[in-house]
Amino acid sequence: MNEITVIMPTYNVASTIKNAIESVLKQTCEDFEFLIIDYGSTDDTISCIQSFNDSRIHLFKIKSNNLSTALNWGLIHAIGKYIIPMNPDHIMHIDCLKIQYIIMEEEPSITVCGTWMTAFGSGLSGQPLLSLSGLIESPLLKLMHKNIIFDATIMIRKEFLYNHNLQYENYPYFENYKLCSEIAKRKGTFYIDSQSLLYYRVSEKQENNVKQKEKQQETIRKIRLEILNYLINLNKLHHSEILISYKNLLQLKDKGIIDPDIILDFFYSLFFKNRNRLEEYIIYK
């Protein structure tokens with residue numbers, strides 16, 4: 001039985017997918033299955049995948065135009081103990097699976113293991129992108145503040161997803177951020193290793209795509225507001241003043257007087273400063 005399932009959704013990525021697949025197949029940890037789910041490619045993506053002769057690769061072609069549907073197809077068919085979603089634009093460090101697998105095996109309480117990563121392309125210098133490290137305290141609160149985990153680096157304990165009936169949802173560009181927020185709501189434990197184990201491709205097209213950046217910010221704000229609403233409702237019976245303040249601020253937002261990011265930052269500061277007092281009513285780890 002394969003210990004790890006790598007899930008790679010693909011759609012018109014012929015220009016980058018060979019490097020991505022090679023980086024997975026060259027892993028020093030060889031005990032994995034590699035599910036590639038293509039959801040409607042019209043370029044040479046399929047022929048690129050089929051050019052590899054490796055029994056660990058399992059190609060599925062599904063009729064969908066939705067990334068979350070492809071990811072969930074992978075979850076349904078995964079046999080591994082651990083799930084690692086892989087972007088066909090990126091490249092794994094050769095020890096990526098090995099290091100994360102050891103971490104998850106040595107500490108069964110960890111639900112999600114992330115790492116640091118290094119960006120490349122579009123004139124970038126290749127410096128590591130840093131985040132938090134170690135076991136993450138108050139993960140749900142921190143995820144409300146910002147996406148603390150590099151989505152492309154995560155390894156997830158499959159049993160936790162199945163036990164809590166969790167799947168991917170349609171949150172463009174940040175399906176993993178949304179999934180991590182749902183895991184945190186259910187008291188999942190998060191760990192970030194301070195090694196750069198993924199090379200994250202950034203293209204000039206991405207850098208200059210204003211509409212894409214606007215859509216990304218819209219999705220991030222939506223997830224942050226959902227987490228805030230969840231925390232407010234958990235706390236409303238014992239601290240009704242917080243709920244009243246929240247409703248008043250939402251009215252100001254609807255009138256265009258206050259920016260939603262200001263509301264989010266205000267409540268993050270409030271919760272963080274009073275987290276010991278509110279610990280009984282808000283999920284903190």
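**Exercise 1. Contacts of a strand residue**

Leaving aside neighbours within four places in sequence, which residues is L35 in contact with? Place L35 in the fold and judge its exposure.

*Solution.*
- Step 1. The model is a predicted one.
- Step 2. Locate the residue: L35 belongs to strand β2.
- Step 3. List its partners. L35 is in contact with T5, V6, I7, M8, H58, F60, G74, H77 and A78, once neighbours within four places in sequence are set aside.
- Step 4. Assign the partners where possible. Strand β1 spans 4–10, and helix α3 covers residues 67–77.
- Step 5. Check exposure. The relative accessible area of L35 is 2%, so L35 is buried, the cut-off being under 20%.
- Step 6. Take a distance across the chain. L35 and S269 are 234 residues apart along the chain, and their C-alpha atoms are separated by 42 Å.

**Exercise 2. The chain as a whole**

Describe the secondary structure, dimensions and confidence of the protein chain.

*Solution.*
- Step 1. Count the elements: the protein chain has twelve helices and ten strands.
- Step 2. Compare the radius of gyration with the globule rule. A compact globule of 285 residues would have a value near 19 Å; the protein chain has 20 Å, which agrees.
- Step 3. Give the box. Along the principal axes, the C-alpha atoms fill roughly 60 × 45 × 40 Å.
- Step 4. Look at burial and surface. Of the 285 residues, 51% count as buried. About 14200 Å² is exposed, and carbon and sulfur atoms supply 49% of it.
- Step 5. Look at contact range. Take contacts between residues at least 6 apart in sequence: 76% of them join residues at least 24 apart.
- Step 6. Place the charges. There are 31 positive and 33 negative ones, and their mean positions are 6 Å apart.
- Step 7. Read the confidence. The average pLDDT is 91, and 94% of the residues score at least 70. Over residues 279–285 the pLDDT is below 50; this stretch has 26 contacts in the model beyond near neighbours in sequence.

**Exercise 3. Helix α3 and its cover**

Which residues of helix α3 are buried? What covers them?

*Solution.*
- Step 1. The buried residues of α3 are S68, A70, L71, N72, G74 and L75.
- Step 2. Consider the helix repeat. With 3.6 residues a turn, residues three or four places apart in an α-helix point the same way.
- Step 3. Name the cover. It includes the strands β1, β2 (32–38) and β4 (82–85), together with the helices α6 (158–163) and α7 (175–185).
- Step 4. Inspect one residue of α6. Y162 is found in that helix. Y162 touches L75, I76 and A78, not counting residues up to four places away in sequence.
- Step 5. Add the distance. Y162 and I76 are 86 residues apart along the chain, with 9.6 Å between their C-alpha atoms.
- Step 6. Classify Y162. Its relative accessibility is 42%, so Y162 counts as partly exposed.

**Exercise 4. From α6 through α7**

Where do N165 and Y173 lie? Is helix α7 largely enclosed or open?

*Solution.*
- Step 1. N165 and Y173 are found in the loop between α6 and α7.
- Step 2. Recall the background: most residues other than glycine have a negative phi.
- Step 3. Read the angles. N165 has a positive phi of about 55°. Y173 also has a positive phi, near 80°.
- Step 4. Read the exposure. N165 is exposed at 67% relative accessible area. Y173 is partly exposed at 41%.
- Step 5. Move into the helix. Eleven of the eleven residues of α7 are buried, so α7 is largely enclosed by the rest of the structure. Among them are E175, K178, E182 and K185.
- Step 6. Leave the helix. K187 follows α7 and has a positive phi, near 70°.

**Exercise 5. Two loop residues**

Is I258 buried or exposed? How many Å separate the C-alpha atoms of S122 and V202?

*Solution.*
- Step 1. I258 lies in the loop between α10 (240–254) and α11 (260–273).
- Step 2. I258 has a relative accessible area of 18%, so it is buried.
- Step 3. I258 touches L249, L252, K253 and I263, residues up to four places away in sequence not being counted.
- Step 4. I258 and S203 are 55 residues apart in sequence and 34 Å apart in space, C-alpha to C-alpha.
- Step 5. Turn to S122, in the loop between β6 (112–120) and β7 (128–129). S122 is partly exposed, at 34%.
- Step 6. The C-alpha atoms of S122 and V202 are 5.9 Å apart, with the two positions 80 residues apart along the chain.

Technical notes. Residues are numbered from 1 along each chain as its sequence is written. This is a predicted model: local features need pLDDT of at least 70, side-chain atom pairs count only at pLDDT 80 or more; totals for chains, interfaces and linings use all residues. Side-chain values use heavy atoms; hydrogens and water are left out. Helices (H or I, at least four residues) and strands (E, at least two) are DSSP runs, numbered from the N terminus. The radius of gyration is taken over C-alpha atoms; the globule rule is 2.2 Å times the number of residues to the power 0.38. Buried means under 20% relative accessible area, exposed over 50%, partly exposed in between (1.4 Å probe, protein chains only). Contact means heavy atoms within 4.5 Å. Accessible areas come from the Shrake-Rupley method with a 1.4 Å probe; for residues, only the protein chains shown count as cover. Lys and Arg count as positive and Asp and Glu as negative; His and the chain ends are not counted. The place of a charge is taken as NZ of Lys, CZ of Arg, CG of Asp or CD of Glu. pLDDT is the predictor's confidence in each residue, from 0 to 100.
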